[in-house]
Amino acid sequence: MTPEIDVAVVGAGIAGLTTAHELRRAGLSVRVYEHLPQVGGRMRSVRHEGWTVDTGAEQVSSRGYRATWELLRRVGATRMDVPRVGGGVAVWRDGRARLGVGENTAVFTGAGLSGRARLDLAAFSAWAGRRRARFDGDRPENTPLGAATVRETAAPYHADLHDYLFQPVAGCFFGWDTARSAAAPLVSLLLESGAPSDWRTYRDGMDFLARRLADGTDVETGRAVREVTDGGGHAVLRFEEGEVRARAAVLAVPAPVAAALRPDAPADERPFLDACAFTPMLKVSCLLDRPLTPSARRPVHILLTPAVEEDVLSGVVVDHVKDPGRVPGGRGLITLVAGPRRVRQLLDASPDEAADVLVGAAERYVPGIGAARLHHLVHAFRHGLPEAGPQALRERPGFLSRPVRAVEYAGDWVTLRPASEGAVRAGALAASRVLSRLGRRTPSGPNPTEEIRATA
Ligand SMILES: Cc1cc2nc3c(=O)[nH]c(=O)nc-3n(C[C@H](O)[C@H](O)[C@H](O)COP(=O)(O)OP(=O)(O)OC[C@H]3O[C@@H](n4cnc5c(N)ncnc54)[C@H](O)[C@@H]3O)c2cc1C
């Protein structure tokens, strides 16, 4: 049977939608299959009585998000659509929120670090700064840190560097256990994306870019793909009912989902697919009757709660400080992020039980949050972020050098970059591989694939 479309994309997250956008620009017919009712995946936002709630991703950066900004330019967005986040990042230490985490001034102000630890932070920053060119987020396996874990990398330094900087950042933003995840992707991302003062968020919710890319794209929502096989020259997608043939397919889903959808994955794909574990994430967004915030000298947008002081939470995101437009006038929105040690247990609890546990723990940082809560929304991700463990780093070069096939992959795990920019770059890479297979040229002009093709 002749394939009915050129390319089928599985998953309407930012990776799948980037792939579809690139392929459509090259003149191919593309259809995206998404099992949820909305697009955006882990960048989905939900709207509720005037609140805009980001379920997964919270922000992007002015720096280190080159492919994302290129896409934004293409869809006609301006910097006004991506305003700076308000407030700073703080870490909780000894009963107080300490501001300045991630800022260049942290070695002077402390940002929760003791005096000796500040000297060690200065030493580590100088060491990484001198090797900056080798911390290339597109080649996380090639940095001077090798496959060392975050904990191993921090071990020679004062304990505060792990306990009040690396662990709280990795735990809150990525759900990582520092004894399991490699330091290279974390350090590369921090160096590339700059200080929190460079961070921005989408004015209308983090699904802004996904919705813009989906406009005019053939996206079938509410359609789960059950299996994808290489039919020898074309791809076959199977659904609960029926199947579709395409000249190529791109699995733009987390690696464990891709592995399950693709039981016949070739031997040179399997080791990386199997090594790409994901950390689970659970967040509870509390819609508040007033704009409560953690007490601090300046407004706080994110309060990191280190595992050495807190078991239940890894952080508190103050969404109405991040962007006042997320809430109706006079109201508040605070999102509580479950800590890596408790997240699996909370995922198995009922959503209301999980919310009550997190809100109870948050009273310590935002007194009165329980009484001010009008409503809560629970966001559970069994596949939250790529864990980026040492084995995944080791297997990635072999995966990247595989031949181009009828079934390709996209997603933040392909780049081992635990951020939406990684998903965009992987989407562009998958598109360029499909185009080369189908004998099409990548469209001219500035293109998110440029650097990536050079590394593929
Ligand atoms: C809690 C959290 C906070 C984050 N914070 C940030 C941040 O602040 N900044 C940042 O840059 N990044 C952040 N990230 C990371 C960012 O959200 C991801 O890197 C990015 O969204 C991944 O996009 P993706 O397209 O690779 O995957 P996904 O977004 O997971 O997309 C996969 C899509 O495939 C669909 N799907 C799955 N199975 C099937 C199937 N069988 N059939 C059809 N469809 C299927 C899913 O529903 C989903 O829509 C965060 C992530 C999480 C979870």
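Q: At what angle do helix 1 and helix 17 pack, and how far apart are their axes?
A: Start with the two axes, then read the angle and the distance between them. In this predicted model, helix 1 and helix 17 pack at about 35°. Their axes are 7 Å apart.

Q: Is the crossing of helix 1 and helix 17 left-handed or right-handed?
A: The crossing of this pair is right-handed.

Q: Which residues of helix 1 meet helix 17?
A: Look at both faces of the contact. Helix 1 brings Ile14, Ala15, Gly16, Thr18, Thr19, Glu22 and Leu23. Helix 17 answers with Ser420, Ala423, Val424, Ala426, Gly427, Ala428, Ala430, Ala431 and Val434. Sorted by class, the contact of helix 1 with helix 17 has ten nonpolar residues, five polar and one charged.

Q: Which residues come nearest to the ligand?
A: Read a binding site as a shell of residues. Here the shell around the ligand holds 38 residues. Gly11, Gly13, Ala15, Gly41 and Ala57 come nearest. Ala15 also belongs to the contact of helix 1 with helix 17.

Q: Which elements give two or more residues to the shell around the ligand?
A: They are helix 1 (14-25), strand 2 (30-34), helix 9 (255-261), strand 13 (278-288), strand 17 (373-386) and helix 17 (420-437). Helix 17 gives the largest share, four residues.

Q: How many residues of the shell around the ligand are nonpolar, polar or charged?
A: The count is 21 nonpolar, eleven polar and six charged.

Q: How do strands pair in a sheet?
A: Strands of a sheet pair through backbone hydrogen bonds, in a parallel or an antiparallel way. Take strand 1 (residues 5-10) as a parallel case. Five bridges join strand 1 to strand 12 (residues 243-251), and the two run parallel. Ala8 has Ala249 in strand 12 as its bridge partner. Strand 1 also runs parallel to strand 2, with four bridges. There Val9 has Val32 as its bridge partner.

Q: Do strand 6 and strand 7 run parallel or antiparallel?
A: They run antiparallel. Four bridges join strand 6 (residues 88-93) to strand 7. Val91 stands opposite Arg98. Arg93 has Arg96 in strand 7 as its bridge partner. Strand 6 and strand 7 form a hairpin with two residues between the strands. In that hairpin, Asp94 takes a positive phi near 50°.

Q: In what order do the seven strands of the open sheet stand?
A: List the strands from one edge across to the other. The order is 7-6-14-15-16-13-17, and the pairing is mixed.

Q: Why is one side of strand 7 and of strand 17 left without a neighbour in the sheet?
A: Strand 7 (96-99) and strand 17 stand at the edges, and each has a single partner strand, so one side of each lacks a neighbour. From one strand to the next, the twist averages 20°.

Q: Which strands does helix 13 touch?
A: Helix 13 (residues 351-362) packs on the sheet. It touches strand 13, strand 15 (313-318), strand 16 (332-338) and strand 17. The direction of helix 13 makes about 75° with that of strand 13.

Q: What domains does the domain assignment give?
A: A domain can be built from separate stretches of chain, as domain 1 is here: 5-35 + 222-277 + 388-455. Domain 2 is 105-191. Their C-alpha centres lie 31 Å apart. The contact takes 15 residues from domain 1 and 14 residues from domain 2.

Q: Which helices each supply at least two residues of the side of domain 1 that touches domain 2?
A: Helix 15 (390-400) and helix 18 (450-455) do. Helix 15 gives the largest share, five residues. By class, this side of domain 1 has eight nonpolar residues, three polar and four charged.

Notes. Residues numbered from 1 in each chain as written. Predicted model: local features only at pLDDT ≥ 70, side-chain atom pairs only at ≥ 80, totals over all residues. Near = placed C-beta within 6 Å. Nonpolar A, V, L, I, M, F, W, Y, C, P; charged D, E, K, R; others polar. Domains from an automatic or database assignment. Contact = placed C-beta atoms within 7 Å. Pairing = 2+ DSSP bridges. Axes fitted to C-alpha atoms, helices over the stretch in contact; angles between N-to-C directions. Left-handed = near helix turned anticlockwise from the far one by under 90°.
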